[in-house]
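Thank you all for coming. I would like to take a few minutes to walk through one part of this model.

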Amino acid sequence: MTWTKNTRKQYERNSMRYASDSSDNEWSIIEPFLQRYSSVGRPWTHKPHDIWDAVQYIVSTGCQWRALLK
């Protein structure tokens with residue numbers, strides 16, 4: 001693939017917090033593969049999309065889980 005004005009605009013990450021964050025279109029592909037919410041147990045305090053972005057950040061930068069912002 002070559003970088004053109006259209007492809008650069010399509011894959012631009014300037015509006016995201018980190019370059020490793022997933023866009024809404026990417027998240028719509030990833031979401032069906034993750035575990036669904038359960039009515040049993042403690043309610044989730046974070047959105048699955050945010051957790052996925054945190055994992056992607058760890059993988060891309062190699063930082064420690066504790067070093068993430070809360």
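**Helix H3 and what follows**

Let me begin with packing: the buried residues of H3 pack against helix H2 (24-30), where contact means heavy atoms within 4.5 Å, and helices are DSSP runs of H or I with at least four residues, numbered from the N terminus. Those buried residues are Pro48, His49, Asp53, Ala54 and Ile58, with buried meaning under 20% relative accessible area, exposed over 50%, and partly exposed in between, for a 1.4 Å probe and protein chains only.

Before going on, I should say that this is a predicted model, in which local features need pLDDT of at least 70 and side-chain atom pairs count only at pLDDT 80 or more, while totals for chains, interfaces and linings use all residues. Residues are numbered from 1 along each chain as its sequence is written, and side-chain values use heavy atoms, with hydrogens and water left out.

As for length, the 14 residues of H3 should span 20 Å at 1.5 Å a residue, and the end C-alpha atoms of H3 are indeed 20 Å apart; the expected span is 1.5 Å times one less than the number of residues.

Is valine 59, then, buried or exposed? Valine 59, which lies in H3 (residues 48-61), counts as exposed because its relative accessibility is 64%.

Just after H3 comes glycine 62, which takes a positive phi of about 80° and is exposed, with a relative accessible area of 59%. Finally, glycine 62 and serine 23 are 39 residues apart in sequence and 21 Å apart in space, C-alpha to C-alpha.

How values were computed. Helix = DSSP H or I, 4+ residues; strand = E, 2+ residues; numbered from the N terminus.
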